[in-house]
Amino acid sequence: MRISIAICTYNGEKYLRQQLDSFAAQTRAPDEVVVCDDCSKDATREILSRFAASAPFPVKLHFNKQNLGFIKNFE
């Protein structure tokens, strides 16, 4: 069984690091994490990039070129 985590972000720097760290701390690590950021204006993208560089599993990052809103961002 494969575990894939999909998350969407937008200006989530306040709690994002805790959320990402919780993925890495699971008894069974995910096989991948896929993130789509919806044009965050805070440090969200930097946090995601640092996490992707050090995570013990693949982290796929997608940064939207324009803000889509939360529904379209999940699509």
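Two residues are in contact when heavy atoms of theirs lie within 4.5 Å. Keep that handy, and remember that this is a predicted model.

**Exercise 1.** Find what leucine 20 is in contact with, leaving aside its neighbours within four places in sequence.

*Solution.* Start with the core. The largest nonpolar core has 13 residues, and Leu20 is among those that touch the most other members, along with Ile7, Phe23, Val33, Phe57 and Val59. The elements giving two or more residues to this core are β1 (4-9), α1 (13-24), β2 (32-37) and α2 (44-54). Now apply the cut-off: leucine 20 is in contact with Ile7, Ile47, Leu48 and Phe51.

**Exercise 2.** Work out which residues of α2 are buried, and how they sit around the axis.

*Solution.* First, pick out the buried ones: Thr44, Ile47, Leu48 and Phe51. Next, look around the axis: these residues lie on the same side of α2, because they cover an arc of only 95°. Here's the handy rule: an α-helix has 3.6 residues a turn, so residues three or four places apart point the same way. Then ask what covers the buried residues of α2: the list includes β1, α1, β2 and β3 (59-63). Finally, flip to the face turned away from the buried side, and you'll meet the exposed residues Arg50, Ala53 and Ser54.

**Exercise 3.** Decide whether isoleucine 71 is buried or exposed, and find the patch that Ile71 belongs to.

*Solution.* Locate it first: isoleucine 71 lies in helix α3 (residues 70-74). Its relative accessible area is 55%. Exposed means over 50%, so isoleucine 71 is exposed. Last step: Ile71 forms a nonpolar surface patch with Phe70 and Phe74, and together they have about 400 Å² of accessible area.

Methods
Residues numbered from 1 in each chain as written. Predicted model: local features only at pLDDT ≥ 70, side-chain atom pairs only at ≥ 80, totals over all residues. Heavy atoms only, no water. Patch = residues over 30% accessible without salt bridge, like charges linked within 9 Å, V, L, I, M, F, W, Y side chains within 5 Å. Areas by Shrake-Rupley, 256 points an atom, 1.4 Å probe, with all protein chains shown as cover. Salt bridge = Lys/Arg side-chain N within 4 Å of Asp/Glu carboxyl O. Helix = DSSP H or I, 4+ residues; strand = E, 2+ residues; numbered from the N terminus. Buried < 20%, exposed > 50% of the residue type's maximum accessible area, 1.4 Å probe, protein only. Core = buried A, V, L, I, M, F, W, Y, C linked by side-chain atoms within 4.5 Å. Arc of directions from axis to C-beta.
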